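Biologist: I'd like a close look at one part of this model, the strands and how they pair up. Could you walk me through that part and then link it to the rest of the chain?

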Amino acid sequence: MGKRSVPRYPEEEDSGGCCGCLCWCCCFLFFIIAALAGTGAYLFYAYKPKPPSYSVNNMAVSQFEFSSSDLTLYTKLVASVRAENPNDMIGIKYAEGSRTVVSYRGTPLCSGHLPTFFQGHKNVTVMEIAMEGRHGFGSGLQGALEESEKSGNVPLDIFVSVPVELQLGTFNLRQIKVNVHCALVVDSLSPKKKPTIKSATYQGNVEF
Ligand SMILES: *[C@@H]1O[C@H](CO)[C@@H](O)[C@H](O)[C@H]1NC(C)=O
């Protein structure tokens, strides 16, 4: 009995000491994590990140030609997109690897990409996006387009997908991908007449 109880006390003291050390480490870690989370939350609320907004201002068609020799439709146009960064402290860097597509009833007509640039806080920039493309026209595309032209309602979908980097001062926050879909109705798609934008609705999402 005596033999068993003697070595027990130092053992318990040891484990007690170790537990204290562990608790202290845990507290310290907890403190660090809480401080980081607090700083993050502070930055988040202090700088209130707001999503940028986009709208298509203008469109100019320079070429829109059916070629009967190779049965393709060649489209070349420039869309002016107004991008607004409403944030007080956050800058937006439009990075490489963006893609814009204009399609008519599911048929892509032309594509291009956004310029790469840095948009500072509280800034509005109008980007000129040049797009061109050639698409085979079978399956009634030409007929449908002519119908739309005649009625003065040409429905177009503009898809924009762009990787952007958010910057707080000179500090890079992270890269996200912004996707915007704009459903546009123009009165015509012809180089002879400047298209009028009759309506536009926007949907967007962000991929982290
Ligand atoms: C907005 O940002 C663009 C691109 O960086 C710049 O060219 C333009 O001057 C800025 N506009 C204002 C009002 O600061």
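Modeller: Here is a walk through the strands, their pairings, the loops between them, the core and the ligand shell. Keep in mind that this is a predicted model.

Let's begin with the overall layout. The chain has two helices and 10 strands, and in sequence order they follow the pattern α-β-β-β-β-β-β-β-α-β-β-β. Of its 208 residues, 19% count as buried. If you take the contacts with a separation of 6 or more, 67% of them are between residues 24 or more positions apart.

Now for strand 3, which covers 90-94. Four of its five residues are buried, so strand 3 is largely enclosed by the rest of the structure. What does strand 3 pair with? One partner is strand 8: the two run antiparallel and are joined by five bridges. Within that pairing, Ile90 sits opposite Leu168 of strand 8. Another partner is strand 6, again in the antiparallel sense, this time over three bridges. There, Lys93 has Phe118 of strand 6 as its bridge partner.

Phe118 takes us straight to the ligand. The residues surrounding the ligand are Phe117, Phe118, Gln119, Gly120, Asn123 and Thr125. Strand 6 (117-119) and strand 7 (123-136) each supply at least two residues of that shell, and strand 6 gives the most, with three. Sorted by class, the shell has two nonpolar residues, four polar ones and no charged ones. So Phe118 does two jobs in this picture, if you'll allow the phrase: Phe118 is the bridge partner of Lys93 and also part of the ligand's surroundings.

Between strand 6 and strand 7 there is a loop, and Lys122 lies in it. Lys122 has a positive phi of about 50 degrees although it isn't a glycine. That's worth a second glance because most residues other than glycine have a negative phi. As for its surroundings, Lys122 is partly exposed, because 13 other C-beta atoms lie within 10 Å.

Next come strand 4 (99-104) and strand 5 (107-112). These two run antiparallel and are joined by five bridges, and Ser103 has Pro108 in strand 5 as its bridge partner. They form a hairpin with two residues between the strands, and in it Arg105 takes a positive phi near 45 degrees. Arg105, too, is a residue other than glycine. Its place is in the loop between strand 4 and strand 5, and with 13 C-beta neighbours inside 10 Å, Arg105 counts as partly exposed.

Strand 5 has another pairing as well: it pairs with strand 7 in the antiparallel sense, over two bridges. Here Ser111 stands opposite Glu132 of strand 7. Thr107 is also found in strand 5. Leaving out residues up to four places away in sequence, Thr107 touches His135 and Leu141. Thr107 and Leu141 are 34 residues apart along the chain, and their C-alpha atoms are separated by 8.3 Å. Thr107 is partly exposed, since 17 other C-beta atoms lie within 10 Å.

So how do these strands feed into the core? The largest nonpolar core has 31 residues, and the ones that touch the most other members are Val56, Ala79, Leu156 and Ile158. Strands 1, 2, 3, 4, 5, 8 and 9 each supply at least two of its residues, and strand 8 has the largest share, with six. As a general point, nonpolar side chains tend to be buried together in soluble globular proteins. For a feel of how the core is knit, take Ala79: beyond residues up to four places away in sequence, Ala79 touches Val56, Met59, Ile129, Met131 and Ile158. Two of the well-connected residues, Val56 and Ile158, are among those contacts.

One last stop, for contrast: Glu65. Glu65 lies in strand 1, a strand that supplies at least two residues of the core. Glu65 itself counts as exposed, because it has 12 C-beta neighbours inside 10 Å. Glu65 and Pro191 are 126 residues apart in sequence, while their C-alpha atoms are 9.2 Å apart in space.

Definitions and conventions
Residues are numbered from 1 along each chain as its sequence is written. This is a predicted model: local features need pLDDT of at least 70, side-chain atom pairs count only at pLDDT 80 or more; totals for chains, interfaces and linings use all residues. A nonpolar core is a set of buried Ala, Val, Leu, Ile, Met, Phe, Trp, Tyr and Cys residues joined through C-beta atoms within 7 Å. A residue is buried if 20 or more other C-beta atoms lie within 10 Å of its own, exposed if 12 or fewer, and partly exposed in between; C-beta atoms are placed from the backbone. Two residues are in contact if their C-beta atoms, placed from the backbone, lie within 7 Å. A residue is near a molecule or strand if its C-beta atom, placed from the backbone, lies within 6 Å of it. Ala, Val, Leu, Ile, Met, Phe, Trp, Tyr, Cys and Pro count as nonpolar, Asp, Glu, Lys and Arg as charged, and the others, Gly among them, as polar. Two strands pair if DSSP finds at least two bridges between them.
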